[in-house]
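Visitor: Could you take a close look at one strand and its pairing partners, and then follow the packing outward from there? I would like a careful, connected account.

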Amino acid sequence: MNEKVINFNKNAEKVAFDKEHRQKINFNISQYDKAVEKGKQQYDHLEIAKQRAANIKHKSLAQLDKYLVEFETNFTRNGGKVLWARHAEEAATLIIKLLKDEQVKKVVKSKSMTTEEIKLNEHLEKNGIQSLETDLGEFIVQLAGEKPYHIVTPAMHKSKEEVANLFHQKFQTDTESTPEQITAYTRALLREEFQQAGAGITGANFLLADIGGIALTENEGNGLMSMAFPKLHIVIAGIEKMLPSVDDLDLFWPLLATHGTGQVMTAYNSIVTAARQQADSSTQMVVVLLDNGRSRLLEKSRQRSALSCIRCGACLNVCPVYKNIGGYTYDTTYTGPIGSVITPHMQDMKENKHLSFASSLCGACTEVCPVKIPLHELLLLNRAQAVSEGWTLPKERFVMKNSTRILNNRKLVDFAGAGTKNLVLKY
């Protein structure tokens, strides 16, 4: 049994029996559930909207090579620059070089799971470049020295009292500070940082092939300022974020907002095309397109649909396993059902196959997905692949072989009795 599996099992048991942690997560997710239920009321036919989105993403993935070339051609024509990264290390190296060429010592970052995927903050720190998260949730976990807990809500695991104490430790604010007061303090603190930063780094919710642009959606305005203030704007995005046309946003933006936060639309929605600047302008925009295992997943005709994910986080919020073991137990960038599907392919099946087994297969994740990814079926496919490639332990194979034989025979089941069944199933 590899170390990741041992740590996963150990941490899962610890977190599952942490009543305080479960109380916080269940409360925060319950608030999300109420908001989403209200947000869905904007749709007369939600299933039709989801099917349209699924069809568009299917088309995009089927012709991804065509749309990537189209995006690069149009983005470059607009005055931007596109760099291609085969893996995380190469992406980080390219970004560091861009920053060093411009002698940048401080960057501001808007929320981006892709930067977490390539461990960008660690690379920046090693190269003497200060990196400041500007999304409030990301800023909180950065202050705490932690990673994002959730794809959409990085600080979901913290209560307002814990956040108030954290700000008191770091900035000597009042321990009784309200969320509104903490937000106001952070806004004032970051405004100056935006003006001083040499570069802004963002992700992209969507890449738009027909106009060569990126679409960014957010609620705080920090993404807009990360793009607007610094002279250099760097975008890091996975190649699967592609949409054929800007016209597709009228479908995808509301779906993402509703399933991500329960809103009809998020507060700020930006389309940036790196419009050609004046000849004497020193501003520039660079998009780094990241593969990092996505091509391996794209090769699989059935599992490739997981690349349709728009990172709304809905599957995490309904998953009974996620709600019990929490985000950190997975020890991956992408957690919950979607993370359990894509991580074994984007990284290593042998080291991460256990994630696909950490599921009840209840199908709730599939039901809520706004782009109709059959997540519970893909988890089963991952399990089958792990078995066929021989990544299961001898004792696991022994138990499965014999339990199948016993469970298919009523007499043997009755003979075993409840006590024996419970003992066997425990292992």
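Guide: In this predicted model, strand β2 (residues 106–109) and strand β3 (residues 130–133) pair in the parallel sense over four bridges, and within that pairing K106 has Q130 of β3 as its bridge partner. β2 also pairs in the parallel sense with strand β4 (residues 199–202), here over three bridges, and the bridge partner of V108 in β4 is G200. Both faces of β2 are covered, since K106 and V108 on one side and V107 and K109 on the other are all buried. V107 also belongs to a nonpolar core of 22 residues, separate from the largest one, which includes A85, I118 and A199 as well.

Just before this strand the backbone deserves attention. Q103, in the loop between α5 (88–101) and β2, has a positive phi of about 55° although it is not a glycine. With a relative accessible area of 68%, Q103 is exposed. A positive phi of about 50° is also found at N292, again a residue that is not a glycine, and N292 is placed in the loop between β10 (284–290) and α13 (294–298). N292 has a relative accessibility of 15% and therefore counts as buried, the limit being under 20%.

Turning to the largest nonpolar core, one finds 75 residues, and those with the most contacts inside it are F71, F206, F252 and I338. Helix α12 (residues 249–261) supplies the largest share of this core, namely six residues. The surroundings of F252 can be listed in detail: leaving aside residues up to four places away in sequence, F252 touches A53, I56, K57, F206, L243, I310 and V371.

The aromatic residues give another view of how separate parts of the chain meet. The structure holds 12 aromatic pairs, one of which is formed by F139 and F167, whose ring centres are 6.1 Å apart and whose planes stand at 65°, so that this pair is edge-to-face. F139 lies in helix α8 (residues 136–143) and F167 in helix α9 (residues 160–171), and the pair thus links distant parts of the chain, 28 residues apart. Both F139 and F167 are buried.

Another edge-to-face pair is that of Y149 and Y328, with 5.2 Å from centre to centre and 85° between the planes. Because Y149 lies in the loop between α8 and α9, while Y328 lies in the loop between α15 (320–325) and α16 (336–346), this pair ties together parts that are 179 residues apart in sequence. The two partners can be set side by side in terms of exposure: Y149, at 2% relative accessibility, counts as buried, whereas Y328, at 34%, counts as partly exposed. Y149 and Y328 also belong to one aromatic cluster, together with F8, Y322 and Y330.

Charged side chains meet aromatic rings as well. R311 lies over the face of Y334, at 4.4 Å from the ring centre, and the charged end of K353 sits over the ring of F357, 5.2 Å from the centre of that ring.

Returning to strand pairing, there is an open sheet of four strands in the order β8-β5-β6-β9, with mixed pairing. Its edge strands are β8 (242–243) and β9 (268–272), each of which pairs on one side only. Strand β6 (residues 213–218) and β9 run antiparallel and are joined by five bridges, and within this pairing L216 has S270 of β9 as its bridge partner.

Finally, helix α21 (residues 394–407) offers a check on geometry: at 1.5 Å a residue, its 14 residues should span 20 Å, and the end C-alpha atoms are 20 Å apart, which agrees. Helix α21 is hardly covered, for the count of buried residues among its 14 residues is one. Strand β2, with which this account began, has both of its faces covered.

Technical notes: Residues are numbered from 1 along each chain as its sequence is written. This is a predicted model: local features need pLDDT of at least 70, side-chain atom pairs count only at pLDDT 80 or more; totals for chains, interfaces and linings use all residues. Side-chain values use heavy atoms; hydrogens and water are left out. Buried means under 20% relative accessible area, exposed over 50%, partly exposed in between (1.4 Å probe, protein chains only). Helices (H or I, at least four residues) and strands (E, at least two) are DSSP runs, numbered from the N terminus. Two strands pair if DSSP finds at least two bridges between them. Rings of Phe, Tyr and Trp (its six-membered ring) pair if their centres lie within 6.5 Å; planes under 30 degrees apart count as stacked, over 60 as edge-to-face and the rest as tilted. A charge sits over a ring if NZ of Lys or CZ of Arg is within 6 Å of the ring centre and within 35 degrees of the ring normal. A nonpolar core is a set of buried Ala, Val, Leu, Ile, Met, Phe, Trp, Tyr and Cys residues joined through side-chain atoms within 4.5 Å. Contact means heavy atoms within 4.5 Å. The expected span of a helix is 1.5 Å times one less than its number of residues.
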